[in-house]
Amino acid sequence: TMRDAITAAIHLNIFNNHAARVKMANIAQLANVLQSVILTKGDKMVLTPTYYVFRMFSVHQNAKLLPMDIKCENYSYGGKSIPAVSASASVDDNGVIHISLANLNPSHEINMSCIIEGITPGQISGEVLTAPEMNSYNSFEDQYAVKPVSFSSFRMKDKNLEVSLPSKSVVVLEIKQKMK
């Protein structure tokens, strides 16, 4: 479900943010289990929302962690609160920055901003995974009910990146540096 995808994004962001200690992480089983990345039935196969999160976050592999200090509103439920946005960032060997964000709030968009220091941002692109409901899922009847699409709800204003995260979403942004 979309809920599983957000859970995966939270955990992958935690692993990314602790890259000095977490050298490798993996999923124990891939197919036909809880939190599967793939479902199979006979000769049919379905990619789950969790699969798409793993694919989206693959940009962080072999990259260098970029520290982030994120301040955001909390998401509260049942008298408990947690930060509504989970995030991590990295830079690859080509100088391309990737920022992964997850909006945990199932019913509210979150607008946030990020100051990009030390580089001159060039082309920015993104991908978003979201769905109408937290329990939306891919099935053998509708294999693409939940899939990533191009994301453009951001803008650069001087060195400030402004992003509008849809409710219950996972977003990965790619920032290429301008060559001098």
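# Notebook: cysteines, sheets and side-chain links

**Entry: cysteines.** I began with Cys114, whose sulfur lies 13 Å from the closest cysteine sulfur, that of Cys72, which is too far for a bond. The model I am reading is a predicted one. I then turned the search around and started from Cys72, and the closest cysteine sulfur to it is the one in Cys114, at 13 Å, again too far for a bond. For a pair to be counted as a disulfide, the two sulfur atoms would have to be within 2.5 Å. My tally for the structure is accordingly zero disulfides. I also noted how open each cysteine is to its surroundings: Cys72 is partly exposed at 27% relative accessibility, and Cys114 is partly exposed at 22%.

**Entry: the six-stranded sheet.** In what order do the strands of the six-stranded open sheet stand? I traced the order as 3-6-7-13-9-10, with antiparallel pairing. At the edges I found strand 3, residues 64-66, and strand 10, residues 149-150; each has a single partner strand, so one side of each is left without a neighbour in the sheet. I then followed one pairing inside this sheet, where strand 9 (residues 121-130) runs antiparallel to strand 13 (residues 169-177) and is joined to it by eight bridges. As a landmark along strand 13, I wrote down Leu173, which has Gly126 standing opposite.

**Entry: helices on the strands.** Which strands does helix 1 lie across? I listed strand 3, strand 6 (85-91), strand 7 (97-103), strand 9 and strand 13 for this helix, which spans residues 2-17 and runs at about 50° to strand 6. Helix 2, made of residues 49-57, lies across strand 7, strand 9 and strand 13, and I noted its direction as about 165° to strand 9.

**Entry: Asn16.** I picked one residue of helix 1 to follow in detail, namely Asn16. Is Asn16 buried or exposed? At 19% relative accessibility it counts as buried, the cut-off for that class being under 20%. Setting aside neighbours within four places in sequence, I found Asn16 in contact with Phe57, His60, Leu65, Ser88 and Ser100. With Ser88 there is also a polar contact between the side chains, at 3.0 Å.

**Entry: salt bridges.** How many salt bridges does the structure hold? I counted four, and I describe some of them here. Arg55 forms a salt bridge with Glu127, with the closest N and O atoms 2.9 Å apart. Because Arg55 lies in helix 2 and Glu127 in strand 9, this pair ties together parts that are 72 residues apart in sequence. I checked the accessibility of the two partners, and Arg55 is partly exposed at 34%, while Glu127 is partly exposed at 23%. Another salt bridge links Asp69 to Lys71, whose closest N and O atoms are 2.6 Å apart, and here I recorded both residues as exposed. I also noted the salt bridge in which the side chains of Glu162 and Arg155 meet at 2.8 Å, N to O. Glu162 has a relative accessible area of 24% and is partly exposed, and Arg155, at 45%, is partly exposed as well.

**Entry: the three-stranded sheet.** I next looked at the open sheet of three strands, which are ordered 8-12-11 and pair in the antiparallel sense. Its edge strands are strand 8 and strand 11 (154-157), each pairing on one side only. Neighbouring strands here are turned against each other by 20° on average, direction ignored. Strand 8 and strand 12 (residues 160-165) are paired antiparallel over six bridges.

**Entry: Asn111.** To see the sheet at a single residue, I chose Asn111, which is found in strand 8, residues 110-115. What stands opposite Asn111 in strand 12? The residue there is Ser164, and I found that the side chains of Asn111 and Ser164 are joined by a polar contact of 2.6 Å. Not counting residues up to four places away in sequence, Asn111 touches Val163 and Ser164. I also looked up its spacing to Phe154, which is 43 residues apart from Asn111 in sequence and 9.4 Å apart in space, C-alpha to C-alpha. At 53% relative accessibility, Asn111 counts as exposed, that class beginning over 50%.

Methods
Residues numbered from 1 in each chain as written. Predicted model: local features only at pLDDT ≥ 70, side-chain atom pairs only at ≥ 80, totals over all residues. Heavy atoms only, no water. Buried < 20%, exposed > 50% of the residue type's maximum accessible area, 1.4 Å probe, protein only. Helix = DSSP H or I, 4+ residues; strand = E, 2+ residues; numbered from the N terminus. Contact = heavy atoms within 4.5 Å. Polar contact = N/O pair within 3.5 Å; in protein donor to acceptor, adjacent residues only side chain to side chain. Pairing = 2+ DSSP bridges. Axes fitted to C-alpha atoms, helices over the stretch in contact; angles between N-to-C directions.
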